[in-house]
Amino acid sequence: MPLDKPKQPSGVLEQLRGFSDEEREKVEIQLLLEGMFRLYGYDFRNYSYPSLRRRIWNRVYAERLQSVSELQAKVLHDHDSMKRLVSELVIHVTEMFRDPRMFAYFRKHIVPILRNLPSIRIWHAGCSSGEEVYSMAILLHEEGLYDRTTLYATDMSEDVLEYAQAGTYPLNKMREYTKNYIIAGGKNEFSKYYSTSDNAATFHSVLSNNIVFAQHNLVTDRSFNEFHVILCRNVMIYFNADLQTRVHELIYESLCKSGFLVLGDKETITFTKYSDCYELVNPQEKLYCKRK
C-alpha cells in the first residue's frame, strides 16, 4: 500500500505561492550577505540596498551564473570568487586633490593649527586606491609638515591597498590631476612628484615614507589610534542609517578633542547623536572640529 505524502501545514503552500520574485530575490541577497559575513568577516548587510542589488547582479552575470543563490554557493566555496564580489561591492571613486577647494581650505586654515603640534596623525578612512593620501602627502611636504606626520591609509579591500602602495596611476590622468593641484594651491610643478614610463606615472617613494597602509573594515573593526585629522569622504553615502551611526561612533572615538573631520559633499553629521559634539568649520567642504 503506497505511503501517504506528509501533509503541509495549513496555509503554507498558499504562503509560498504568494512570494513575489522580488521578495525571493531579497531573501537570496540576505543569505548571500550573511554567509559572507560569517565566513569572511565582510559585512555588507547594512549597505544601501538598491546599489547593493545592482552590483550583486553585475557579479552574477560576470560569473556566468543564473541566480543570486548560485553566486552564494560559488562565493562560499571559492575564495577568489569572494574577492571578486567584494571588489564589485566596494565603490572606489577617487582622484588626486579631489574637490580641490577643500585642499585649498585645509592648506590655508587647518595647516597653521597643525603647525603647533609636535607630531601629527592623519587617518584616510576608506582610502581606496590612494590618490587622496598622496595628495595630502604632497600638501604637507610643501608646508614643511610631512616629516612629523604619520598618514594612515586604510581600506577593507586588499587589492586596492596593494594598488595604492604601488603609487602608480594612468599617465593620461595627470593633466586632470594637475588642474586639481593648481586649484588646491600647489606650490611647485606637479610633475616634480612623479616619474613616467609606459603610459604610467609613479609617485616618488619619498611621499610614501610616512604612509602606513593597512586593511581596516569601518563596519566591523574598532578604533586603532587617536588622530588629529580624519578624512572619511564619500564612504558612508552607501550605508544605511544604522551603519552610518556605527561608523560615526568609530570616528568620534578615534578623533582627538579639537581634531578635524572631513566628510564628503553629500555626507553630514547633522542627524547623528554626535551632531552637538562638533563645530561646523566649513559647510561647503564638510569640515568639522570636535569640541567635546
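E63 lies in the loop between helix α3 and helix α4 (68-77), where helices (H or I, at least four residues) and strands (E, at least two) are DSSP runs numbered from the N terminus. The model is predicted, and local features are described where pLDDT is at least 70, side-chain atom pairs count only at pLDDT 80 or more, and totals for chains, interfaces and linings use all residues. Residues are numbered from 1 along each chain as its sequence is written, and side-chain values use heavy atoms, with hydrogens and water left out.

Is E63 buried or exposed? With a relative accessible area of 10%, E63 is buried; buried means under 20% relative accessible area, exposed over 50%, and partly exposed in between, for a 1.4 Å probe and protein chains only. Leaving aside neighbours within four places in sequence, E63 is in contact with L71, K74, S81 and R84, contact meaning heavy atoms within 4.5 Å.

**The helices around this loop**

Helix α2 (residues 21-40) packs against helix α3 (residues 49-62) at an angle of about 85°, and their axes are 12 Å apart. That angle makes α2 roughly perpendicular to α3. Axes here are lines fitted to C-alpha atoms, for helices over the stretch in contact, and angles run from 0 to 180 degrees between N-to-C directions; angles under 35 degrees count as roughly parallel, over 145 as roughly antiparallel, 65 to 115 as roughly perpendicular, and the rest as oblique. On the α2 side the contact involves E25, K26, I29, L32 and L33, which meet Y49, L52, R53, I56 and W57 of α3. These residues divide into seven nonpolar, no polar and three charged, a grouping in which Ala, Val, Leu, Ile, Met, Phe, Trp, Tyr, Cys and Pro count as nonpolar, Asp, Glu, Lys and Arg as charged, and the others, Gly among them, as polar.

Helix α2 also meets α4, and there the axes come within 9 Å and cross at roughly 5°, so α2 and α4 are roughly parallel to each other. Among the residues making this contact are I29, L32, G35 and M36 of α2, together with V68, L71, Q72 and V75 of α4. By class, the residues of the contact of α2 with α4 divide into 10 nonpolar, four polar and one charged.

**The open sheet and its helices**

Seven strands form an open sheet in the order β6-β2-β1-β7-β8-β10-β9, with mixed pairing; two strands pair if DSSP finds at least two bridges between them. At the edges stand β6 (211-215) and β9 (278-282), each of which pairs on one side only. From one strand to the next, the twist averages 20°. Strand β2 (residues 149-155) pairs with β6 in the parallel sense over five bridges, and the bridge partner of L151 is I211 in β6.

Helix α7 (residues 131-142) packs on the sheet, where it touches β1 (120-125), β2, β6 and β7 (227-232), and its direction makes about 170° with that of β2. Helix α8 (residues 158-166) lies across β2 and β6 and runs at about 165° to β6. Of the 12 residues of α7, 11 are buried, so this helix is largely enclosed by the rest of the structure; the buried ones include V133, Y134, M136 and L140.

**A smaller set of strands**

Strand β3 (residues 168-170) and strand β5 (residues 200-203) pair in the antiparallel sense over three bridges, and P170 has A200 of β5 as its bridge partner. Strand β4 (residues 194-197) also runs antiparallel to β5, joined to it by four bridges, with T196 standing opposite A201.

**Positive phi values**

Most residues other than glycine have a negative phi. The table lists residues with a positive phi.

| Residue | Phi | Place |
|---|---|---|
| F97 | near 50° | loop between α5 (79-89) and α6 (100-114) |
| D99 | near 55° | loop between α5 and α6 |
| G144 | about 75° | just after α7 |
| D198 | about 50° | turn of the hairpin of β4 and β5, which has two residues between the strands |

How do the two residues of the loop between α5 and α6 stand in accessibility? F97 is buried, with a relative accessible area of 0%, whereas D99 counts as partly exposed at 28% relative accessibility.
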